[in-house]
Amino acid sequence: MQSRTKRHLSPADLDALLRASAGVGCRVEAELTDGWFAAAYRVVLDDGRPAVVKLAPPPDAPVLRYERGITATEAMVYGRLATLPPGQVPAPELLYAGPEFLALSVLDGTPWDKVADGLPPVTQSALRRELGAVTARLHTLTAPDGRFGYPAPEAALSAPDWPTAFTLMVDALLEDAAAQRSSPLDVPPAVIRGLVAEGKGVLAEVTEPRLVHFDLWPGNVFIDVRGAGGEGPRAPRITGIIDHERAFWGDPVAELVSLAFGGDTGPDSDLVAGYTEAGGRLDPTPAVRHRLALYRLYLGLLLVVECGPRGYAGDHLAFCRRTLAEAVAELRALG
């Protein structure tokens, strides 16, 4: 996916960047073009290890408020995941990190979205159950300082309670939209702010900041399906979760928004069954449903606003505007 936030380097410049920052050079094999925000390259390091290098946006790239310090946020998440017991939340190993890049180990398997159509229902069911369990383990990580919101100090979008942090997050996107004047919301900002204000009571039920990935669509979940259909050396399994750029400290219920892009997230779904079996709680109370609608509003707003600085248009922009409109309608119906 093309985006104005992607920083493209020549093989020589990428090698020089790694040598200067990490003390190790690389040979570039290919640019990985599936990402939506950061440029990424498949490389072989000087010591022979394969790796993926992700680059932070160029210094002059237009980024949203929550995207400030986003590379350090992703590095922090990989570091926290490494403290969990092996295999609890599979992810690449963070090999090197700097202000301008991350170098990650290469995962086995394939992004789920690339092979989903060819998987039998029984395999999809088992993988969704496993994804639920992985997500529950991810949510055991808590903010070290007890604050909610985005971890990066540069974003200045954190607070000691969830209603305040979430309101800051929404306001920041509305301010980004007003500043760039290139992402039509089709709904007055005052309406969005009013819907969020009406939800402060249910947001206040969240009292412990948990790590929320907030981008767990199938493209960010790697799977090994060599055992699909009973063939191969092992059963299909999740080999890793990537792209923790949107991570924040907040309400685990918010995770269901992006998880829904891969399948059912209802109370009787395979995903929720795996989540609860692994110790997570997702009680379908009216308050939880209200909070979930607020998080759908937030994602819809984020998707529309990012289209401007990233240069997205056409069908994708239409999809984003439709997502936001549906979220607004859902919250109005709840009211």
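**Salt Bridges and Sheets in a Predicted Model**

Good morning. I begin with one residue, Glu-306, which has a relative accessible area of 2% and is therefore buried, since the cut-off for buried is under 20%. Please keep in mind throughout that the structure before you is a predicted model.

Which residue meets the side chain of Glu-306 in a salt bridge? The partner is Arg-246, with a distance of 3.0 Å from N to O. This pair links distant parts of the chain: Glu-306 belongs to helix H10, whereas Arg-246 sits in the loop between strand S11 (237-241) and strand S12 (248-250), 60 residues apart. Arg-246 also counts as buried, because its relative accessibility is 9%.

Helix H10, residues 286-310, also holds Arg-296. This arginine is partly exposed, at 32% relative accessibility. Leaving aside residues up to four places away in sequence, Arg-296 touches Val-257, Ala-327 and Glu-330. With Glu-330 there is a polar contact between the side chains, at 2.8 Å. I would also draw your attention to Asp-215: 81 residues separate Arg-296 from Asp-215 in sequence, and their C-alpha atoms are 12 Å apart in space.

Let us return to salt bridges. How many does a search of the whole structure find? The count is 22. I shall present two further pairs and one network.

In one pair, the side chains of Arg-7 and Glu-100 meet at 2.7 Å, N to O. Arg-7 is in the segment before helix H1 (11-22), and Glu-100 is in the loop between strand S4 (94-98) and strand S5 (101-105), so this salt bridge ties together parts that lie 93 residues apart in sequence. Are the two partners buried or partly exposed? Arg-7 counts as buried because its relative accessibility is 18%, while Glu-100, with a relative accessible area of 33%, is partly exposed.

In the other pair, Arg-321 forms a salt bridge with Asp-186, and the closest N and O atoms are 2.7 Å apart. Arg-321 lies in helix H11, residues 314-334, and Asp-186 in the loop between helix H5 (162-180) and helix H6 (189-198); the pair therefore ties together parts 135 residues apart in sequence. Arg-321 is partly exposed, at 30%, and Asp-186 is exposed, with a relative accessible area of 57%.

The network of salt bridges links Lys-54, Glu-74, Asp-243 and Glu-245.

I turn now to the sheets. One open sheet has 5 strands, in the order S1-S2-S3-S5-S4, with antiparallel pairing. Strand S1 (26-32) and S4 each have a single partner strand, so they stand at the edges, and one side of each is left without a neighbour in the sheet. From one strand to the next, the twist averages 25°.

Within this sheet, let us look at S5. Strand S3, residues 50-55, runs antiparallel to S5 and is joined to it by 5 bridges. Ala-51 has Ser-105 as its bridge partner in S5, and Val-53 stands opposite Ala-103. S4 pairs with S5 over 4 bridges, again in the antiparallel sense, and here Ala-97 is partnered by Leu-102. S4 and S5 form a hairpin, with 2 residues between them.

How many of the residues of S5 are buried? The answer is 5 of 5. Both faces of the strand are covered: Phe-101, Ala-103 and Ser-105 are buried on one side, and Leu-102 and Leu-104 on the other.

Two helices lie across strands of this sheet. H1 crosses S1, strand S2 (40-45), S3, S4 and S5, at about 120° to S1. Helix H2, residues 70-81, lies across S3, S4 and S5 and runs at about 30° to S5.

Another open sheet has 3 strands in the order S6-S10-S11, with antiparallel pairing. Its edge strands are strand S6 (110-111) and S11, each of which pairs on one side only. S6 is joined by 2 bridges to strand S10, residues 221-224, and the two run antiparallel. In this pairing, Pro-111 stands opposite Phe-222. Helix H4, residues 121-138, packs on the sheet, where it touches S10 and S11; the direction of H4 makes about 40° with that of S11.

To close, I return to the opening residue: Glu-306 is buried, and its side chain meets that of Arg-246 in a salt bridge. Thank you for your attention.

Definitions and conventions:
Residues are numbered from 1 along each chain as its sequence is written. This is a predicted model: local features need pLDDT of at least 70, side-chain atom pairs count only at pLDDT 80 or more; totals for chains, interfaces and linings use all residues. Side-chain values use heavy atoms; hydrogens and water are left out. Buried means under 20% relative accessible area, exposed over 50%, partly exposed in between (1.4 Å probe, protein chains only). Contact means heavy atoms within 4.5 Å. A polar contact is a pair of N or O atoms within 3.5 Å; within protein, one must be able to donate a hydrogen and the other to accept it, and residues adjacent in sequence count only if both atoms are side-chain atoms. A salt bridge is a side-chain nitrogen of Lys or Arg within 4 Å of a carboxyl oxygen of Asp or Glu. Two strands pair if DSSP finds at least two bridges between them. Axes are lines fitted to C-alpha atoms, for helices over the stretch in contact, and angles run from 0 to 180 degrees between N-to-C directions.
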